Amino acid sequence: MHLTDWLVVAVYIVWVVYDGLRRSKGTDKVDGYFLANRSLPWWAVGLSVIATQMSAVTMVGTTGQGYLTGLRFVQFYFGLPIAMIMLSLTVVPFFTRAKVYTAYEYLERRFDARVRSLTSFIFLMGRAFSLGVTLAAPAVVMSAILGWQLPVTILAVCVPMILYTTIGGVQAVAWTDVKQMFVVVGGMSATVVVLLYGILDHVSFGRLLDLAGATGRLQAVDFKFDPREQYTFWSGIIGGLFLMLAYFGCDQSQVQRYLTAKSVDEARQSLLMSAFVKIPLQLLILTTGVLVFVFYLFHTPPMLFNRSYDGQVAASSHGAEYAALERQFDAAVDARRDAASHGDRAAFLTTDGAVKDIRRRAVDVVRATTGDARYDDVSYVFPTFITTHLPIGLVGVMIAAIFAAAMSASGGELNALATATIIDFYRRHFVKDAADAHYLRVSKLATIGWGLFACVVAMYAANEGSLIEVVNRYGSFFYGSLLGVFILAILTKRATARGAFWGLLAGMAVVLIVAFTTPIAFLWHNVIGAAVVFVVGMTISVLSPDVRERPAAP
Amino acid sequence: MRPRRSSAPGRNLPPGPPASDMPPSKTDDTSGASSVTPAVYVRVIVLEAAIIAALWLFGRSFH
């Protein structure tokens, strides 16, 4: 990377911290620290909601998905707009009227402290570990691309993020998210322009679409109903709907964003902003991946984008085999380029198949040599393109955008972890009547504590591919079940605390069994979890009704 | 029937009303004209349907 690019990255990080600290006004009370005194405008909350869920994993992983499989991943988000409408009509006014800090606080008012503590504990466990993974996954890629030591990359994200989140609270997080969204979207848009410029030098726009379409990369919608398929129209619109309802309705890292809005109306508008923007934004990211694929039809790509084992493979007994594959790969890429340039569809598909086959064999060689059964290079495609083909200056902007995405996703999660810890446990069970200044002080300590915990998890998770997988799957184990508890709380009057508590445990147990014993795709786990919690919860509530009486209305 | 008591933290609190029974808060500005009208929700659905249809047609055109 050029010195100018390093300067861009450094200036950006310093600016983020400086501006985050500048925004810490009005956070001298718990209400300001956790909820920004419920004062943020809808567009800032909306951008913060989008930024919190757009991590660096999205930037490097989703572009990689676009490169390998095309636009079909966008189906994952088909349930989101419907979920946003349902949440705007239900939980947004409920949470705001209840004047809660956390979503789980409402569950105590509706059920009891046991249900609140259990749901909050499930959130804390899942979110704390996933925060570590949110930091680890891009750090591994960026370390390899930038040639940094892994701890240095993790600290480059963690230290500024912990600093502005701890001092500025949710206000700093939200306003930093707003800036980071502009950096991410601006950087991606500029990259698309560079890609188009590089492609249209070789072929027309029509030929570009033909080439991408011939490999199936423009087929975004698949109406086939197959529960084993991860991404179809049906898994997105039904399974995705339940996942998004759970994520935006029950996950404190999202709920807290819209609790900072000035009013119910502004909170609704912030969610509807996601409904309008999220799918086009994901299409922009996936399209960038597809364009990178077409770009590399005319510019020789590396055989494998993840080069971290190159030296080890070359020095091993597989070295000669790997070198032979590289020669075959170069020849196949040349043949594919000729076919693509001449518009020979049959020859293009044949040579593209040959390129894919050689890549697959190369991956097998790396796996056999290193013993790393999870080796792949999906997440390395986009960072490799950035550092080798973007102009000076824009490389720095894009690297800053990846760091920005990592920080914006992590800052929101870190703030939510501190909120649930202090509000649902510390203030609820341990120190109930202290001064506001005391709670503010321990909130900052909790933020630092969870930040350091996430750094340690990130360092460990980076070397344990299996841990990343386990944590990623953990979310689908509990999201649907948490949603089931909120459905019981909000949509029924007969549901009791006992029903909700045991229903939640039953839902998680069933999802765990389904996940490990059936081939059902993970998006459907959310539907199953919510359904089991509702059925078991209602059955227990009806068979064993709560004997406590409601207080008489005033 | 007398309420049952438990020593577990928080279990001896009376259960609260469902959220739908709660009084509106200061931030619940339903008294004024809401800018989030049913037409906005319809626009969200229509836009999504249009995007899905466009993506489907686009994929079919270039396959």
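Buried means under 20% relative accessible area, and exposed means over 50%. Keep that handy for the exercises below, and remember that this is a predicted model.

**Exercise 1. Sort Cys158(A), Cys455(A) and Leu445(A) into buried or exposed.**

Start with Cys158(A): its relative accessible area is 0%, so it is buried. Next comes Cys455(A), at 6% relative accessibility; 6% is under the 20% cut-off, so Cys455(A) counts as buried too. Leu445(A) goes the other way: it has 55% relative accessibility, so it counts as exposed. While you're on the cysteines, look for disulfides: there are zero over all chains.

**Exercise 2. Place Leu445(A) in the fold, and say how far its C-alpha is from that of Arg428(A).**

First find the element: Leu445(A) sits in helix α19 of chain A, which runs over residues 436–462. Then go to Arg428(A), 17 residues away along the chain; the two C-alpha atoms are 17 Å apart.

**Exercise 3. Walk along helix α8(A) from start to end and describe what you meet.**

Step one, the start: a side-chain oxygen of Asp112(A) comes within 3.1 Å of the backbone nitrogen of Arg114(A).

Step two, the span: α8(A) covers residues 113–146, 34 residues in total. From first C-alpha to last it reaches 48 Å, close to the 50 Å expected at 1.5 Å a residue.

Step three, the bend: α8(A) has a kink of about 25 degrees, centred on Ala139(A).

Step four, the surroundings: 26 of the 34 residues are buried, so the helix is mostly covered.

Step five, the exit: just after α8(A), Gly147(A) adopts a positive phi of about 75 degrees.

**Exercise 4. Work out whether the radius of gyration of chain A agrees or disagrees with that of a compact globule.**

Take the chain length, 554 residues: a compact globule of that length would have a radius of gyration near 24 Å. Chain A has 24 Å, so it agrees. For the dimensions, the C-alpha trace spans about 80 × 50 × 45 Å along its principal axes.

**Exercise 5. Draw up a profile of each chain: what secondary structure does it have, and what percentage of its residues is buried?**

Chain A first: it has 22 helices and zero strands, and 61% of its 554 residues are buried.

Now chain B: it holds one helix and zero strands, and buried residues make up 29% of its 63 residues. To round off chain B, add its accessible surface, about 4300 Å², with 63% of that belonging to carbon and sulfur atoms.

Technical notes. Residues numbered from 1 in each chain as written. Chains lettered and ligands numbered in written order. Predicted model: local features only at pLDDT ≥ 70, side-chain atom pairs only at ≥ 80, totals over all residues. Heavy atoms only, no water. Helix = DSSP H or I, 4+ residues; strand = E, 2+ residues; numbered from the N terminus. Expected span 1.5 Å × (residues − 1). Bend = angle between axes of the 7 residues up to and from the residue. Buried < 20%, exposed > 50% of the residue type's maximum accessible area, 1.4 Å probe, protein only. Polar contact = N/O pair within 3.5 Å; in protein donor to acceptor, adjacent residues only side chain to side chain. Disulfide = S-S within 2.5 Å. Areas by Shrake-Rupley, 256 points an atom, 1.4 Å probe, with all protein chains shown as cover. Rg over C-alpha atoms; globule rule 2.2 N^0.38 Å.
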